[in-house]
Amino acid sequence: MIDLVQDLIRIQSDTKEGANHALDFSAKWLQERGVEVKIIENEGYKMLVAELGQGEETLIWNGHLDIVPGRKEQFEPYIEGDKLFGRGSADMKGGVAAMMAAFVGLSKHPDRLTKKVQFHLVTDEETGGSKTSKHLVQQGYTGDFVICGEPTFLKIGLQAKGISQFFVTFHGKGAHGSRPWEGDNAILQSHRFHQLLLEQEWTKESTTYYEHPSINLARIQAGDRFNMVPDTCEVGYDIRFVPGQSVDFVEQQLKAILTEHFPNAEIRRRGVSPAVTTADDDPRVLQLLDIMKEETEIMGQHGSADTRHYAVTGAGAIEFGPAGGDWHGPGEFVSISSMEKYRDILMEFAFYTGIPKEV
Ligand SMILES: [Zn+2]
């Protein structure tokens, strides 16, 4: 498994071609160990599906092989103590290698499985997952419970905030810069809008796993010359709402402010994604807690992963993976002992037949 993760790190998978290469390599690695795999392609992006076991229930393991770009030297992995360094080691070739090793482990005892276990390897998570994980769900590769092997320090990332990205365009009235009172400054409208937005109660709403939604004023485009009052201003918001809120709800709230205070303004959606709202008493979550005892805890994720593509079907979906550090940064590493533990837990969870205790 340690050789495997190092081989994967050496494949520079920050492009479609590179990620497909890593996928072909993984397919061959699994086939050489007797696992049957199916390769699917969508818009040039490859994905792999393998299935073992039988039963009513389907458990899905999902891993992505694409990475964010790194420095040249990050594609030559090295080990220091328990740390294995390299681009993609934590996010998430370490998790993928552990899943591959665990899947081969399951394939030695398929008769012991009382559920189906499906393994999905994908190649576009870092750019949104719409070409591979979302595609698999649309093609009917769905299940009852999904584990995405993102680095979580073996904690259970139960929920994820939803995403609402909007553009809002304010229209004012231009005037000479020396007589601003004769105009209506569109930049100042957007400033006022931002203040009104932050005053809204829903922007302070907390849930069990989140203190509040996050509101990021991400873009602003306005103004041309110093001697002119700007007549238009376009702002871009990236709002991450908490479970219980929705894209439509957020849009309604923004529209309500606009209707009342800025009737000429226009709003348009850029990108949206629902929140992941897996319940903490989902039976599979209880099973995992039972296996790991006090070595894990439940947390909410601020970002979002491929879990969201599965969660729309009503499946429980968690982020759960090994420990590591500095992913997307220059010193990215994965913990070797945590990868080994992760592999063993994945197998134990797949074979689990016990009745979860109340936690
Ligand atoms: Zn990731």
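**Exercise 1. Is the crossing of helix 5 and helix 6 left-handed or right-handed?** Work out how these two helices pack.

Before you start: this is a predicted model, where local features need pLDDT of at least 70, side-chain atom pairs count only at pLDDT 80 or more, and totals for chains, interfaces and linings use all residues. Residues are numbered from 1 along each chain as its sequence is written, and side-chain values use heavy atoms, with hydrogens and water left out.

*Solution.*
- Find the helices: helix 5 covers residues 186-199 and helix 6 covers residues 247-261. (Helices are DSSP runs of H or I with at least four residues, strands are E runs of at least two, and both are numbered from the N terminus.)
- Get the geometry: the two axes come within 11 Å and cross at roughly 130°. (Axes are lines fitted to C-alpha atoms, for helices over the stretch in contact, and angles run from 0 to 180 degrees between N-to-C directions.)
- Name the arrangement: that angle makes helix 5 oblique to helix 6. (Under 35 degrees is roughly parallel, over 145 roughly antiparallel, 65 to 115 roughly perpendicular, and the rest oblique.)
- Now the hand: helix 5 and helix 6 make a right-handed crossing. (Right-handed means the near helix is turned clockwise from the far one by less than a right angle; anticlockwise is left-handed.)
- Look at who touches whom: Phe193, Leu196 and Leu197 of helix 5 meet Leu254, Ile257, Leu258 and His261 of helix 6. (Contact means heavy atoms within 4.5 Å.)
- Sort this contact by class: six residues are nonpolar, one is polar and none is charged. (Ala, Val, Leu, Ile, Met, Phe, Trp, Tyr, Cys and Pro count as nonpolar, Asp, Glu, Lys and Arg as charged, and the others, Gly among them, as polar.)

**Exercise 2. Describe how helix 3 packs against helix 1 and helix 2.**

*Solution.*
- Start with helix 1 (residues 2-10) and helix 3 (residues 89-107): their axes are 9 Å apart, at an angle of about 135°.
- Helix 1 and helix 3 are therefore oblique to each other, and helix 1 passes helix 3 in a right-handed crossing.
- On the helix 1 side the contact uses Leu4, Val5, Leu8 and Ile9; on the helix 3 side, Ser89, Lys93, Gly94, Val96, Ala97 and Met100.
- Those residues split into seven nonpolar, two polar and one charged.
- Next, helix 2 (residues 16-32): its axis comes within 10 Å of that of helix 3, crossing at roughly 25°. That makes helix 2 roughly parallel to helix 3.
- Here Ser26, Trp29 and Leu30 of helix 2 meet Met100, Ala101 and Val104 of helix 3, giving five nonpolar, one polar and no charged residues.

**Exercise 3. Which residues coordinate the zinc ion?** Then check the backbone beside one donor.

*Solution.*
- The zinc ion is held by His64 (NE2), Asp91 (OD) and Glu150, which is listed twice (OE and OE), at 1.8 to 2.7 Å. (Donors are N, O and S atoms within 2.8 Å of the metal, or 3.2 Å for Na, K and Ca; water is not among the atoms, so sites may look incomplete.)
- Along the sequence, the donor residues follow H-x26-D-x58-E.
- His64 sits in strand 3 (residues 58-64) and Glu150 in the loop between strand 7 (145-148) and strand 8 (156-160), so the pair ties together parts 86 residues apart in sequence.
- Finally, the peptide bond from Asp91 to Met92 is cis, with omega near -15°; Met92 is in helix 3.
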